[in-house]
Amino acid sequence: MKATFAAVIEDISDDPGHPLQIALRTYSLCLSLSLSPVLLSAVFALAVRPKSFPTRARAFCCAVSRELRPTGFASAITAAVGGGAALQRLWDFLERRHTLHWPWIRHIISKLSHWQRTFLANTISSTIAVILLRRTRCRRLGAVSPTLDLSLLFLVRAFDASAQSFLLRKAREIAARQVLAPSRNDVALRSSRVPSAPPDTRLLDKQSEDLAKEWYNKVSMYLDALVFWASSARIMWCFFYQPQRLHPSFVKWINSLANLDKRLLEVVRSLREGTWSYIRGSSTKRDLAASLAEQLGRPPSWGDPTVIPAYGGNFADEAWKQLGVGGRCGIGGMPCELLHGGIGESIGLQNDCIANAAIRAVYAFAQALVLNLPVHFLPILLTKPSSIVRPHRALPALLSAMRSATFLSTFVSSCWFGVCFTRTLVLARLFPKISHDVWDGPYGGTLVGSLVCGTSIWIENARRRREVSLYVLPKALRAMIPENWLRSMHPAAHFAESLTFVLSLASLLTFSVHKPESLRGLSRWALAFVMNGPNAGFWKKRKKEIATCPPTPVDSSIPPPTDSGYHED
């Protein structure tokens, strides 16, 4: 009995694709992802704010208690990933033993491909996962579904895998036409004259592969940039006008980088609603901008919509003379000095729009660098801490962190510059007869700023560009869901979200088994580790790149997953 048990354990340990190994890796990874933010928050509180440590420690204990339950995130995802692998193993076992007694079941199964079998098994296990996740997560009336963000995340990653699979196939077809067609014509031309040796097929295959890789990387690069641009435009527009469509923590993070006064946000929202207007004034929110002007040491009339000129031209110049406002010759609207919020006042540039954008870029760069340094240096510290003192390891990580910080600072400053470009620098001067209810409204400066800021993604490298675009797309999709559907308790909405969760997660797991080259970024990284272990395929290459100790050898009878080499990971 002991010998049999030992043999079973040995078989499991030698097979990285065994369902038990997959389940253990999934549970450990998901548990670390769930608890790491709360743990880091507690450690940070202990180091910086000792008084808040008891609160953070209690939050960590509650998170541990919640996640260790069978209905926790780690248990649910383990049921989906490990359960799918176990069902596939059971399916194969029953087929080999011929224990499927019902002929109609054997007939149906015989018609299914390996891809369809895997997808069906993962669909069953993903259904169990969504049931577990929803079991203890009570939803208040009018609140957003607690699993919505996870469903959208899986949907985006599954759609990206499908899109990459299509692009890879298209790239090979285009490359084959470009390489093989000229070679056939050349062979036909030569054979009509003098007999010659057939072309080297290995050389043609290499040329075709290089062309396919070049085409694929170029198309992916532009698509990733387009996805980020469109997503960021939607997110920023919702930040200005409909913040309830975004996650509260995300709104707070954007506001910390933008450093925008809440009263200005209330003004632009009131302009959209029509309760604050340069033309009609405001009976209920007249003091919004006036209080901001007083705080900045300016007359309250600078923020009074009944006094501020709505149009440009000579009338506006006369009004500005009476108010004592300079720098707005020929244009109307609230003085940009109030929008800038006192930025640059210490050096006398509080009314300069370009200086405002530049100074905000510096502030945002400092904030972003603090956020990005741990992201780029933590992997080095976890894998090989001694290499942190070596310039050839530390300098690239520092430059990468600075590049990411430059991207975020450009994102913030370009949004501010787009607003000032519209309402003060160019557009409002070119068209003075258009009211500032338009220039400061939802289709004026805020729209231009939202559209412009997304172009800053080109500062990032291709790998980071891909991850950032896949990070913001679920948030943009959430912002596009109708409000009445988003907070609806109707069974149809509940079913639609559950179906999205199940099919998306099942698709991701199926891609990880049959087409792992279609996965990108974090999903590829996580699923390669979960499905194949730390010593297979993609992870071996990653270990060599970060110069860690040599990997443990794997049984040669277990084939590693294919890697097409089309991704820069």
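This section describes the helical make-up, nonpolar cores, aromatic contacts and selected residue environments of a predicted model.

The secondary structure of the predicted protein comprises 23 helices and zero strands. Of its 569 residues, 44% are buried. When contacts between residues at least 6 apart in sequence are considered, 70% of them join residues at least 24 apart.

In soluble globular proteins, nonpolar side chains tend to be buried together. In the present model, the largest nonpolar core holds 56 residues, and the members that touch the most others are Met236, Phe239, Phe240 and Met334. Apart from this core lies another, of 31 residues, which includes Phe511, Leu519, Phe529 and Val530. The surroundings of Met334 were examined with neighbours within four places in sequence left aside; its contacts are then Leu264, Val267, Trp276, Tyr278, Ala289, Trp302, Ile308, Arg328, Leu339, Arg423 and Asp440. The charged residues Arg328, Arg423 and Asp440 are thus among the contacts of Met334.

Aromatic pairs in the model number 13. One aromatic cluster is formed by Trp237, Phe239, Phe240 and Tyr241; of these, Phe239 and Phe240 are also among the residues that touch the most other members of the largest nonpolar core. Charged side chains are likewise placed over aromatic rings. Lys475 lies over the face of Phe250, at 4.9 Å from the ring centre, and the charged end of Lys515 sits over the ring of Trp115, 5.7 Å from its centre.

Lys475 falls within helix 19, which spans residues 462–480. This helix has 19 residues, and because a rise of 1.5 Å a residue predicts a span of 27 Å, the 27 Å between its end C-alpha atoms agrees with expectation. At the start of helix 19, a side-chain oxygen of Asn461 reaches to within 3.3 Å of the backbone nitrogen of Arg463. The buried residues of the helix include the run Arg464, Arg465, Arg466, Glu467, Val468, Ser469 and Leu470. Further along, Val472, Pro474, Ala476, Arg478 and Ala479 are buried as well.

Helix 22 (residues 521–532) has 12 residues and extends 16 Å from its first C-alpha to its last, close to the 16 Å expected at 1.5 Å a residue. It is mostly covered, with nine of its 12 residues buried. These are Gly521, Ser523, Arg524, Ala526, Leu527, Ala528, Phe529, Val530 and Met531. Two of them, Phe529 and Val530, belong to the core of 31 residues. Just after helix 22, Gly533 adopts a positive phi of about 85°.

Two buried residues illustrate contacts made across the sequence. Cys420, in helix 15 (residues 391–425), has a relative accessible area of 1% and is therefore classed as buried. With residues up to four places away in sequence not counted, Cys420 touches Cys336, His340, Cys353 and Leu425. The C-alpha atoms of Cys420 and Ile354 are 8.5 Å apart, although the two residues are 66 apart in sequence. Val325 occupies the loop between helix 12 (314–323) and helix 13 (336–340). At a relative accessible area of 12%, Val325 is also buried. Its contacts, again leaving out residues up to four places away in sequence, are Trp302, Trp320 and Pro335. Trp302 is also touched by Met334. Between Val325 and Arg298, which are 27 residues apart along the chain, the C-alpha separation is 9.7 Å.

Ser498 is located in helix 21 (residues 491–514) and is buried, with a relative accessible area of 13%. The side chain of Ser498 makes a polar contact with the side chain of Arg134 at 3.3 Å, and the Ser498 side chain also reaches the backbone oxygen of His494 at 3.0 Å. Beyond residues up to four places away in sequence, Ser498 touches Val130 and Arg134.

Asn259, by contrast, lies in the loop between helix 9 (248–258) and helix 10 (262–273). Its phi is near 55°, a positive value in a residue other than glycine. With a relative accessibility of 47%, Asn259 counts as partly exposed.

Technical notes. Residues numbered from 1 in each chain as written. Predicted model: local features only at pLDDT ≥ 70, side-chain atom pairs only at ≥ 80, totals over all residues. Heavy atoms only, no water. Phe/Tyr/Trp six-rings, centres within 6.5 Å; stacked < 30°, edge-to-face > 60°. Lys NZ or Arg CZ within 6 Å of the ring centre and 35° of its normal. Helix = DSSP H or I, 4+ residues; strand = E, 2+ residues; numbered from the N terminus. Expected span 1.5 Å × (residues − 1). Buried < 20%, exposed > 50% of the residue type's maximum accessible area, 1.4 Å probe, protein only. Polar contact = N/O pair within 3.5 Å; in protein donor to acceptor, adjacent residues only side chain to side chain. Core = buried A, V, L, I, M, F, W, Y, C linked by side-chain atoms within 4.5 Å. Contact = heavy atoms within 4.5 Å.
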